[in-house]
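Student: I am new to this structure and would like one part of it examined closely. Please start with a single spot and then connect that spot to its surroundings.

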Amino acid sequence: MVLTGTSLSLGACNRDSVPTVEEKLVGRWEWQQTAADSQHSLTPGNTGHRVIVEFDRRGRARFYQDGQLVSAAAFSVRRVTNGFGKPSRHVIIYRGYQNNQFYSVSGNRLHLQDASGKTSDHMYIRAAPEVSVQASKQQGL
């Protein structure tokens, strides 16, 4: 009888309840820093720009600068193996763009690395969803 209770509790913790790497990418991300080999780190503080990227479940990426939509693209995610004994990496493939990006998500941090051969590392933090001003006006608030 104890075995039955154990198997029921293990069944509730199935693989479907753990988000995949792709699901962790979905959301709004606010840019914190870009580091390149030959340059000083770029940040919102020294560039004067706030950058947000949104990845949705339908495979659309939207890029905002200072609150304005500046670009959008369809994207897909692929897992790339680096050879025997080396860990695989995940890459975002943007349709219509020549540059793809390796990515990893750890907690509320998104790390993007350009896959074009340039060594640019971009760090983002998960941003809170913005409440639509339009929706507030329609509700009379």
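Tutor: D66 sits in the loop between β3 and β4, where the strands, like the helices, are DSSP runs (H or I of at least four residues for a helix, E of at least two for a strand) numbered from the N terminus. This is a predicted model, in which local features need pLDDT of at least 70 and side-chain atom pairs count only at pLDDT 80 or more, while totals for chains, interfaces and linings use all residues. Residues are numbered from 1 along each chain as its sequence is written, and side-chain values use heavy atoms, with hydrogens and water left out.

What makes D66 worth a pause is its backbone: its phi is positive, about 50°, although D66 is not a glycine. Most residues other than glycine have a negative phi. D66 counts as partly exposed because its relative accessible area is 40%, on a scale where buried means under 20%, exposed over 50% and partly exposed in between (1.4 Å probe, protein chains only).

Two other loop residues can be set beside D66. S88 belongs to the loop between β4 and β5, and with a relative accessible area of 28% S88 is likewise partly exposed. Leaving out residues up to four places away in sequence, S88 touches R79, V80 and T81, a contact being a case of heavy atoms within 4.5 Å. With one of these residues, R79, the side chain of S88 also makes a polar contact of 2.9 Å (a pair of N or O atoms within 3.5 Å, where within protein one must be able to donate a hydrogen and the other to accept it, and residues adjacent in sequence count only if both atoms are side-chain atoms). K118, in turn, is placed in the loop between β7 and β8 and is exposed, because its relative accessible area is 60%. Although K118 and A36 are 82 residues apart in sequence, their C-alpha atoms are 8.1 Å apart in space.

From these loops we can step back to the whole chain. The protein chain has four helices and eight strands, and read along the sequence they follow the pattern α-α-β-α-β-β-β-β-β-β-β-α. Of the 141 residues in the chain, 24% are buried. When contacts with a separation of 6 or more are considered, residues 24 or more positions apart account for 35% of them.

We can now move to the buried residues of the strands. Strand β6 holds F102, which counts as buried because its relative accessible area is 18%. Beyond residues up to four places away in sequence, F102 touches R89, H90, V91, H111, L112, Q113 and A115. Its C-alpha atom lies 9.2 Å from that of V80, a residue 22 places away in sequence. Y103 is also in strand β6, and its relative accessible area of 5% is why Y103 counts as buried. With neighbours within four places in sequence set aside, the contacts of Y103 are V21, E22, L25, V77, H90, V91, I92, L110, H111 and L112. For one of these, L25, the C-alpha atom is separated from that of Y103 by 8.7 Å, with their positions 78 residues apart along the chain.

H122 takes us to strand β8, and here too the residue is buried, because its relative accessibility is 13%. The side chain of H122 is joined to that of D114 by a polar contact of 3.3 Å. Apart from neighbours within four places in sequence, H122 is in contact with Q33, T34, Q101, L110, H111, L112 and D114.

The last stop is the largest nonpolar core, a core being a set of buried Ala, Val, Leu, Ile, Met, Phe, Trp, Tyr and Cys residues joined through side-chain atoms within 4.5 Å. This core has 15 residues, and F55, I92 and L110 are the ones that touch the most other members. At least two residues of the core come from each of β1 (27–36), β2 (51–55), β4 (68–80), β5 (89–94), β6 (101–106) and β7 (109–114). F55 in particular, once neighbours within four places in sequence are left aside, is in contact with L25, V26, G27, W29, R60, A61, F75, I92, Y94 and L110.
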